[in-house]
Amino acid sequence: MWTQRIKTGLLTTTAAASLLLIAACGPSPSPAGTSSAPPTSSSPSASSSASASAAPSASASPSAPATSAAPAGPGLCKAASLTATTDSTGGGAAGSIYEKLILTNSGSATCTLEGFAGVSLTADANGAPIGEPATRETTTPVTKIELAPGKAAWAELRYTQAGNYGDCTKVAAAGYRIYPPEDTASLFVAEPHDACSNAGIKLLSITAFQAV
């Protein structure tokens with residue numbers, strides 16, 4: 001009986017020692033409060049924000065290509081590049097003379113002529129106008145005319161005889177002073193006529209220019 005107890009105790013002690021040895025060789029338990037889960041990746045919202053800030057703005061529109069300015073058209077015809085003449089073959093009626101006032105482009109560049117000339121009788125090429133300037137006859141429509149070098153345009157000029165007016169104070173005029181449309185410089189056409197120096201008597205009328 002005593003021998004049996006000793007054997008049983010030895011077996012129990014051996015079994016306990018084996019268990020302790022197995023426990024010592026196994027993996028150690030994780031410390032309390034420490035997570036064994038792998039670290040999580042960064043949140044999707046943060047990555048999306050970074051990507052959005054790095055990407056170009058979708059609302060930004062591409063810059064429009066620069067457009068070149070339209071080429072400027074011909075400039076106005078000025079007295080310095082014009083020659084003035086008259087053609088009186090149109091005849092006359094009831095004490096009036098109808099003639100063409102012709103402006104020719106004597107310059108080297110195309111220019112535009114549009115509207116009415118200013119016309120007055122004058123004592124000489126450098127003299128001041130005498131009496132009233134020509135009135136505008138508006139039956140002819142105003143058109144823009146491009147005059148290439150050597151080309152001309154004309155307007156109808158009417159001169160009424162000074163003798164038709166009993167109250168006319170007659171003064172000899174050597175010709176016409178011509179101001180092209182929108183110009184302050186003038187041209188001279190030698191053509192002697194009687195002028196009326198007193199105001200209110202209109203001897204001249206002019207139409208808008210037309211292409212020849």
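For sorting residues, Ala, Val, Leu, Ile, Met, Phe, Trp, Tyr, Cys and Pro count as nonpolar, Asp, Glu, Lys and Arg as charged, and the others, Gly among them, as polar. Keep that in mind for the cavity. The model on the screen is a predicted one.

The structure holds 1 cavity of 30 Å³ or more. The space in the largest cavity comes to about 40 Å³. Which residues line the largest cavity? They are Leu121, Ile130, Gly131, Glu132, Ala195, Cys196, Ile201, Leu203 and Leu204. Sorted by the classes I began with, this lining has 7 nonpolar residues, 1 polar and 1 charged. The polar one is Gly131 and the charged one is Glu132, because Gly counts as polar and Glu as charged.

Now the sheet. In general, strands of a sheet pair through backbone hydrogen bonds, and the pairing is either parallel or antiparallel. Here 4 strands make an open sheet, in the order β7-β6-β11-β12, with antiparallel pairing. Its edge strands are β7, residues 129-130, and β12, residues 187-196, each of which pairs on one side only. Inside the order, β6 (residues 118-122) and β11 (residues 170-179) pair in the antiparallel sense over 5 bridges. As an example from that pairing, Thr122 has Gly175 of β11 as its bridge partner.

One residue of β12 deserves a stop, and that is Val189. Is Val189 buried or exposed? It counts as buried, because its relative accessibility is 6% and the cut-off for buried is under 20%. Along the chain, Val189 and Leu121 are 68 residues apart, while their C-alpha atoms are separated by 9.7 Å. Leu121 is also one of the residues lining the largest cavity.

A further pairing involves β5, residues 111-114, and β9: they run antiparallel to each other over 4 bridges. Within it, Glu114 has Lys144 of β9 as its bridge partner. In a regular strand, side chains alternate between the two faces of the sheet. Strand β9, residues 144-147, has Ile145 and Leu147 on a covered face, and Lys144 and Glu146 on an uncovered one. So Lys144, the partner of Glu114, belongs to the uncovered face.

Last, the aromatic rings. How many aromatic pairs are there? The count is 0. There is, however, a charge over a ring: Lys100 lies over the face of Trp154, 4.5 Å from the ring centre.

Definitions and conventions. Residues are numbered from 1 along each chain as its sequence is written. This is a predicted model: local features need pLDDT of at least 70, side-chain atom pairs count only at pLDDT 80 or more; totals for chains, interfaces and linings use all residues. Side-chain values use heavy atoms; hydrogens and water are left out. On a 1 Å grid over the protein atoms alone, a cavity is a set of points where a 1.4 Å probe fits but cannot get out, and a pocket is an open set with protein on both sides within 12 Å along at least five of seven lines; lining residues have an atom within 4 Å of a point. Grid points are joined across faces, edges and corners, and a volume is the space filled by probe spheres set on the points. Buried means under 20% relative accessible area, exposed over 50%, partly exposed in between (1.4 Å probe, protein chains only). Helices (H or I, at least four residues) and strands (E, at least two) are DSSP runs, numbered from the N terminus. Two strands pair if DSSP finds at least two bridges between them. Rings of Phe, Tyr and Trp (its six-membered ring) pair if their centres lie within 6.5 Å; planes under 30 degrees apart count as stacked, over 60 as edge-to-face and the rest as tilted. A charge sits over a ring if NZ of Lys or CZ of Arg is within 6 Å of the ring centre and within 35 degrees of the ring normal.
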